[in-house]
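These are my notebook entries on a structure that I am opening for the first time. I write down what I looked up, in the order in which I went through it.

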Amino acid sequence: MTAWPTSSREWIERLVAFDTTSARSNLELIDFVEAYLRSLGADCRRSSDTAELKANLFATLGRPGPGGVVLSGHSDVVPVEGQPWSSDPFKVEARDGRLYGRGTADMKSFLAVALALAPAFLRLDPMRPLHLAISYDEEVGCLGVSSLIAQIDRELARPALVIIGEPTSMQIVNAHKGVCAFETTIRGRAAHSSQPQLAANANLAAGRLVAFLGDLAAERRRAASADSRFDPPYTTFNIGRIEGGTALNIVAADCRVIWEFRPLPDDDPEAIVARITDHIAEELLPRLRENAPEAAIETRALARVPALRPEDEGPAEALVRRLTGLNDSAAVAFGTEGGLFQEAGYSVVVCGPGSIDQAHRPDEFIEIAQVQACEKFLHDLARSVARQPVL
Ligand SMILES: [Zn+2]
C-alpha cells in the first residue's frame, strides 16, 4: 500500500518532485494523484488532446450531483533551464519561513492544500461535492483545460462555481486580461541580394507587420482609461520572436514572427485580429506579391485565453468574500484558465496562495504563512460546501 502524503507540506514536496515542465508528460503526477483520490472514493475522469502524453484530471469528492465548488489548478510548471537556482528546483527546501521549489507559488501549493484537505472534507458527510480540476499545458497558453471543461459538459452535472488557485497572495481577483498569441509565416522569393527586383523579401514584410503591431500598441496605450484597475491600463502587444532569412547576400525567402496581444476584458480581440488580418491582406501581401505572385502570408493562432470579466453579483466572488471577509477585489495582468471557465458559463474567481512576483523565477518560493492562509480558506470552504444545500 502506498503511504500517501498527509499534510499540505508533504503534498507540496511530493507534487514539486514531479518534473512537470510543460514540455514533458504530466502523467506520473496525474497517476499518483488519481490513485490517491480513488483510494478516498472519488469519481475520477481524465481528458486529453495530446495522444496520451498528458492528461487533465477531474475528480469529484462526495456525492456526485449538480452544484458544488470546483478548485482548479494546473499541473505544469515553466522550465528551470538557464535560471540560477540556489537549490534543486524539484526538491522543496525550507529557508526563512519559505518553501523553495519550482511550482511552489505557481501553483502546486494550492493543489497540495486541496489534496491534503480531501479526507477531512469527506468526514463532514458533505451535502454538495467538492471537485478538483487539474489541467496540463496551462503555461503554454491554457491549451489543456478546454477538453476538461468539455468533458464536464458531456458527462457530469454542472458545478456551481469555480475557484482558480493561481497565486494572488490570497486576495480576490475578479478580472484579468486575455492572451491571444499568433504565428505569422511569410513566404517570399529568394534571389541574389544584388537583384531585389526579382525577389520578394520576407524579412521586409515581417518588418512592416511588426511596425503595424507597434502602431496598434501605441494606439491602445493612448486610449488607456484613467480609472482602470489594470496595470498597465491598456491592451498590450509583444513581438516575441522573429526568425528570417539565411545570409547577407540572399534576399530572405522566409520569415516567421511570433507575436501576441493581451486584451483588456472590454477590448474586443476579434476586432483587433480583424484589423491585423485586413492590413496584411490589403497592404502587406500586395507589396510582397509585386515581384512574386506566389508569395503568401499565413497567420495561425497559437493560444487564445479569454479575459476574465468582473461578474455582476457573481456567486464565486460572493462565496470567497464571505469566507475570507475581504471586501476588495483586484484585476491582474496575467491570464488564467478562469477566462475559459467563464466563457463556458461558470461563475469564476481567482484566489490562491503565493505571489505572482515569485512565479517563473529562479528560487521560486511560497511563504509558509501563505500555505497556512490557504489551509484556513479551504477548510472554511469545505465546511461551507458540506453544509450548504444551495451551492
Ligand atoms: Zn499558473
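In which helix does Ala 105 lie? I found Ala 105 in helix α3, which covers residues 104-123, and I note at the start that the model I am reading is a predicted one.

**Entry on Ala 105.** I looked up how far Ala 105 is covered, and with a relative accessible area of 2% it is buried, because buried is set at under 20%. Leaving aside residues up to four places away in sequence, I listed what Ala 105 touches, and among its contacts are Pro 167, Pro 353, Glu 364 and Phe 365. I also checked Ala 150, which stands 45 residues from Ala 105 along the chain, and the C-alpha atoms of the two are separated by 28 Å.

**Entry on helix α3.** I then followed the helix itself, which has 20 residues and reaches 28 Å from its first C-alpha to its last, close to the 28 Å expected at 1.5 Å a residue. Where does α3 bend? The bend is at Leu 117 and comes to about 40°, with a proline, Pro 119, following within four residues. Most of α3 is covered, since 16 of its 20 residues are buried. Just after the helix, I noted that Asp 125 takes a positive phi of about 50°.

**Entry on the zinc ion.** Which residues coordinate the zinc ion? I found His 74 through NE2, Asp 106 through OD and Glu 166 through two OE entries, at 1.8 to 2.6 Å. The angles among the four donor atoms run from 54 to 142°, and the site is irregular; for a tetrahedral site all angles would have to lie between 85 and 135 degrees. Along the chain, the donors follow the spacing H-x31-D-x59-E. His 74 lies in strand β3 (residues 69-74) and Glu 166 in the loop between β7 and β8, so this pair ties together parts that are 92 residues apart in sequence. I looked up the cover on both, and His 74 is buried at 0% relative accessible area, while Glu 166 is buried at 3%.

**Entry on the backbone.** I came back to Asp 106, one of the zinc donors, and saw that the peptide bond from Asp 106 to Met 107 is cis, with omega near -10°; Met 107 has its place in helix α3. The peptide bond from Asp 231 to Pro 232 is also cis, with omega near -5°, and Pro 232 is found in the loop between α5 and β10. Ser 169, in the loop between β7 and β8, has a positive phi near 55° although it is not glycine, and at 30% relative accessibility I count it as partly exposed.

**Entry on salt bridges.** How many salt bridges does a search of the whole structure find? The search gives 28, and I followed two of them. Glu 34 and Arg 38 meet at 2.7 Å, N to O, and both lie in helix α2, four residues apart, about one turn of the helix. Within this pair, Glu 34 is buried at 10%, whereas Arg 38 is partly exposed at 46%. Arg 241 and Glu 243 also meet at 2.7 Å, N to O, and salt bridges that share partners join these two with Glu 183, Arg 256 and Arg 300 into one network.

Definitions and conventions
Residues are numbered from 1 along each chain as its sequence is written. This is a predicted model: local features need pLDDT of at least 70, side-chain atom pairs count only at pLDDT 80 or more; totals for chains, interfaces and linings use all residues. Side-chain values use heavy atoms; hydrogens and water are left out. Helices (H or I, at least four residues) and strands (E, at least two) are DSSP runs, numbered from the N terminus. Buried means under 20% relative accessible area, exposed over 50%, partly exposed in between (1.4 Å probe, protein chains only). Contact means heavy atoms within 4.5 Å. The expected span of a helix is 1.5 Å times one less than its number of residues. The bend at a residue is the angle between axes fitted to the seven residues ending there and the seven starting there. Donors are N, O and S atoms within 2.8 Å of the metal (3.2 Å for Na, K and Ca); water is not among the atoms, so sites may look incomplete. Four donors count as tetrahedral if all angles lie between 85 and 135 degrees; four count as square planar and six as octahedral if opposite donors are over 155 degrees apart and all others between 65 and 115; anything else is irregular. A salt bridge is a side-chain nitrogen of Lys or Arg within 4 Å of a carboxyl oxygen of Asp or Glu.
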